[in-house]
Amino acid sequence: MAPTIDNCPALPLAPFGDSGDAVRTVSVPAPGSVCFTVTVERPGLHQVRGTGNLTATFSSGGTPVCPTAGIGFNPCHLAVGTYRLDIGNHAGGYTGETRIAVFPLMPGPGCTGPVSTDIGAPPTTGTLSDPLGLICHSFTAEQGALVKAHLQGVSGYAQFNGWITDDTGKHLCNVGYACVLPAGTGGYRVLSDVSTGGSSDPLTYTVQVRRLSDPVGCAVASVTPYGSGPAAVSPVPCRTFTPTTSGSYDIWAYDAEGISQRVEMYGETGQVCDYECRLTAGVTYTVIGGDSLRITDPRSSQGCSDSVFAQPQRYTLTEPGEIDCVNLAAPQGAKLALMTSSSAYAGAQMGVTVRDATGASICWDLPAVGTCTLSGTAPYRALVTGRSTSFTGSYGLVVHRTDVSSDCRTFPAGDFGADPAQVKATVEADAFADCLKIPADAHTSRELLDITNATGYSSLDVAVVDEKGRRVCDADEDDSTLARCSLTPGLSHTVLLRSAGPPAEHTLTRRDVTATARGCVTTPATAVGRPSAAGLSAASGRLVCHRVTTADARDTLHLDARATPYPSAFALGVYRPNGADACDDPSSGCAVSGSTGYQVIVEVDKEATTTPAYRLDALRIGTAAGPAPECARIPNVSYGFGPLVATLSEQKTAICAVLPTMSGDRFTMPQTSGTTLSGTPTPRLYTLADRQNGCTERHYYGRYECDVPTEDEWYPVSRPTVLLIGMPWKPTASSVPVSAKFSCTYAPCGADARTIGTVTPGTVGAGKVTMKVTGTALHEKDVVELTSGSYRARSTTVSVATDRRSMVVALDLTSAPRTKLYATVVTHDAERFARGQITVIAPLRVTAAPKVTGTVVVGGKVTATSGSWTPTADTYAYQWRANGVIIAGATASSYTLPSTLQGKQLSVSVTARKAGHPAVTAASAATTVKGVAPKATKAPYTTGTVKVGRTLTLNRGTWTPAPSSYAYQWYANGRAISGATKAWFTLTNAQRGTKITVRVTAYRTGHLNGVAWTRATSAVVG
């Protein structure tokens, strides 16, 4: 027992959680104090907890160490030693009983954890039986991490005073607030005392620690396009958002009724906003909550449609919180009138806001008929919402330009829908007969002009000239009936029509192919291996449009419109948001990157009879982080690779792989057996840097050849590639098996030249052994030869590492001489590499068997010794057995014995392994597993008069489990009394003045023996 100071009773240090017998109950007079002796075995912060308005002061040698202002405040840093603790009632307050405990705040017993810091993890439930206890839960996080802890009572009233600490116990931040874990800390925990309002009932509570920086499991949020509802409810109550541009964002959550709610958004150092957020590009923010979420970038125009001036348009808000966007093709200073109606929803009103290119609001809260002068920076957008965020339904919008006029008939913008806006023109032969006007504010930078007559062909010469006289595009009867026009931004254009044949009525349609194209069906890019998109109907037009979208402009997409059957359709063009061509040859598929959306224009043959006439593959083969995760990583291509095995269909149209290729590499893939090259799955080999496809068809040879483009003929450079294997362009069945094996034409391909490194180990045991060969571009047919005189051993291959930088070979050296053997690696193409000598010695053997140490009793923990081996083994593996039978899962060196093994013979086998030696197993001797010793649940005791000549009788107490027999030994002052082994004993003069005790030994068959003592009697009198 530790010494006390000034007769102050000892107060043991309390564990976390329920403090148990470490609490002392005292009454402190007023004024006055009580004292305790506190022994500190570990230096660190200690906190005194108790009830009542009291003070606590530690002192050492009469000198105060760190007086505190009150119980539960200002923990005291104590060095190792013994201290006097004075509990004072100087305020003359409560004088009843108070409970006192001292808690070390460093890591110690009773602290549970670690608590998961994943945001989606459920809270951890804890219980606290004693309200004086100190809650402690550990969690794992890195320095600099942003975390937030939360404590909540489940049963009864509970008020928590919690904080986050490190292994010192010091206060880092309060529970309930975001906290950046400072540098130089570790061993993080949540500590809290709790007030239960005077209740003594056990408290059930939950604790949750959320890592807000770099969270795990959160859905990735993105800017919500216009024309779309908020992102769906997230199963994990958090999302991360990384803006691509700095500036202001509007961020709202929506409950199940569609009512907007403010959000909790956190940055690297804490909460940054709750709905209007100024965010920094490239910084990842965390939004807490799983409700549907809308992030609006006021600078964005993604999802916007084009306005057609003076033509009413109908739109539909399909989801609560949805915002529609209409591009207003008018210059700065233009005067617009905007009118809305919502006849489809009686009584509803629409909210209209006009923003400029910077996202600034030019006009807002416009009434049903409103006006707006376009200031700020063009271009402009009208944003339309319901007055209530829960509104859904149809509405109408018409935009009029009130400050310009046009002489020519206006050539309206068409779309890719079923009924595009068109212009009819009838002209005479060889004469300029008509003009159309494309206003400066009603076109985009890239458009298609489609000219047909009743026969389906054009007999017009068409020229498009901007207001500055520059000819931007044209078409005539000898050219295509499609004109790809790069219209001059900010200028109006005149379309000149001239007859190029007999008089006829012509139909002209112009279609936007930039990001604002109308009638494009949004087709999100999918992961490789997902279903293809069905082609669109072209019943009323031969052009259709897909707007292929992806979340990140750094994604790389494979786009291919595959005719079903060939040649019923083909991709006419793939365009970036600004209308620029995204790839050179879209008709055979291509890879694109650099945008979050692409317009894929497909021309459907007018003779096509199959619906759909094509399927669209829009597959994400690369991300900002590199190749898509769905692509298999091929670690080495020295001699080729594969087979890549799959079954393709319209539900899984492709597979992909990432190859570590070099410029100049060439691979060949033969056509599928039993079919033609057109019926063979189609490979495309895309370079990651510039997305060139290096695969070509070699029909004559019945194979595909895939080349990595050469940058320098003499000095190849690294050019990693992504291989995509897709559906044949003429599939013979709906399901197409793939077993694609590629051969390197000029081996070795890839970055590794062939080298031979080491053959290890240098010393091996006689017997069947394995050895390891290192190098680069190793081949399955490379072998190791060991020779000495007439002796020769030749290896077989066990395995080759996927990166071909190591291989394991097997050799039978049972009959090898115990001497040095010469090692040679012979490559698959007969090149020889001498690799020194290998020494053969006697194989590994046991010199002392393993043993089982510890008490072999149910619930006890036993440990196996490995035994002694020569030569010394590298590793040992253990297997425990009961009655000689393997115990499943018992493969550690230690084993805790379950009750099911009682009475069984326990043994352990140890398998020793050493590199270059056969594995050897040795077993320990078996020993019987015994049950636990009986335990006295009621202690034995004696009855009778403690006086010479009188007889004391023993009551042996109550035991469990029930013993089968007992033994007794009487003691006087701790010395055994010879022959006193009965359940009674008559005191003699020899025992006068001594105190009598009895040791009771309980026996139970198959169990350890139990022992209990009676309490000492008073001294024997004469």
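Select cysteine 304 and cysteine 325: both are buried in this predicted model. Show their side chains and you will find a disulfide, with the sulfur atoms 2.0 Å apart. In general terms, a disulfide is a covalent bond between the sulfur atoms of two cysteines. Look along the S-S bond of cysteine 304 and cysteine 325: the torsion is about 85 degrees, so this disulfide is right-handed. Now color the surroundings. Cysteine 304 sits in the loop between β26 (292-296) and β27 (305-306), while cysteine 325 belongs to strand β29 (residues 324-328), so the bond ties together parts that are 21 residues apart in sequence.

**More disulfides**

How many disulfides does the structure hold? There are 13, so let us visit two others.

Select cysteine 631 and cysteine 656 next. Their sulfur atoms are 2.1 Å apart and form a disulfide. Is this link left-handed or right-handed? It is left-handed, with -100 degrees about the S-S bond. Cysteine 631 is in the loop between β54 (626-627) and β55 (632-633), and cysteine 656 is in strand β57 (residues 654-659), so this pair ties together parts 25 residues apart in sequence. Both cysteine 631 and cysteine 656 are buried.

Then go to cysteine 173 and cysteine 179. This disulfide has its sulfur atoms 2.2 Å apart. The link of cysteine 173 and cysteine 179 is left-handed, with -105 degrees about the S-S bond. Cysteine 173 and cysteine 179 are buried too.

**A sheet of four strands**

Switch to a cartoon view and select β64, β66, β70 and β69. In that order, these 4 strands form an open sheet with antiparallel pairing. The edge strands are β64 (755-760) and β69, each of which pairs on one side only. Turn the sheet in your viewer to look at its twist, which averages 30 degrees from one strand to the next. As a reminder, strands of a sheet pair through backbone hydrogen bonds, either parallel or antiparallel.

Zoom in on strand β66 (residues 768-776) and β70. They run antiparallel and are joined by 7 bridges. Which residue in β70 stands opposite valine 773? Select methionine 807 to see the partner.

Now move to the other side of β70. Strand β69 (residues 796-800) pairs with strand β70 (residues 806-812) in the antiparallel sense, over 4 bridges. Here serine 799 stands opposite valine 808 in β70. Follow the chain from β69 to β70 and you trace a hairpin with 5 residues between the strands. Stop at arginine 804 in the turn, where phi is positive, at about 55 degrees.

**Salt bridges to click on**

The model has 31 salt bridges, and three of them make good stops.

Begin with aspartate 581 and arginine 446, whose side chains meet in a salt bridge of 3.6 Å, N to O. The two residues are 135 residues apart: aspartate 581 is in the loop between β50 (569-575) and β51 (590-593), and arginine 446 is in the loop between β38 (432-438) and β39 (447-453). Aspartate 581 is partly exposed at 47% relative accessibility, whereas arginine 446 is buried at 11%.

Next, select aspartate 707 and arginine 666. The closest N and O atoms of this salt bridge are 2.6 Å apart. Aspartate 707 lies in strand β61 (residues 703-707) and arginine 666 in strand β58 (residues 666-670), 41 residues apart. Aspartate 707 is partly exposed at 23% relative accessibility, and arginine 666 is partly exposed at 23% as well.

For the third stop, pick aspartate 874 and lysine 914, with the closest N and O atoms of their salt bridge 3.6 Å apart. Aspartate 874 is in the loop between β76 (868-870) and β77 (875-882), and lysine 914 is in the loop between β80 (905-913) and β81 (920-923), 40 residues apart. Both residues are partly exposed, aspartate 874 at 47% and lysine 914 at 24%. Before moving on, add Arg698, Arg703 and Glu705 to Arg666 and Asp707: salt bridges that share partners join these residues into one network.

**A buried charge**

Finish at arginine 239 in strand β19 (residues 238-241). Arginine 239 is buried yet has no salt bridge. Where is the nearest side chain of opposite charge? The side chain is that of aspartate 291, 7.4 Å away. Show the backbone as well: the backbone oxygen of aspartate 291 lies 2.7 Å from a polar atom of the arginine 239 side chain.

Note on methods. Residues numbered from 1 in each chain as written. Predicted model: local features only at pLDDT ≥ 70, side-chain atom pairs only at ≥ 80, totals over all residues. Heavy atoms only, no water. Pairing = 2+ DSSP bridges. Buried < 20%, exposed > 50% of the residue type's maximum accessible area, 1.4 Å probe, protein only. Lys, Arg positive; Asp, Glu negative; His and termini not counted. Salt bridge = Lys/Arg side-chain N within 4 Å of Asp/Glu carboxyl O. Polar contact = N/O pair within 3.5 Å; in protein donor to acceptor, adjacent residues only side chain to side chain. Axes fitted to C-alpha atoms, helices over the stretch in contact; angles between N-to-C directions. Disulfide = S-S within 2.5 Å.
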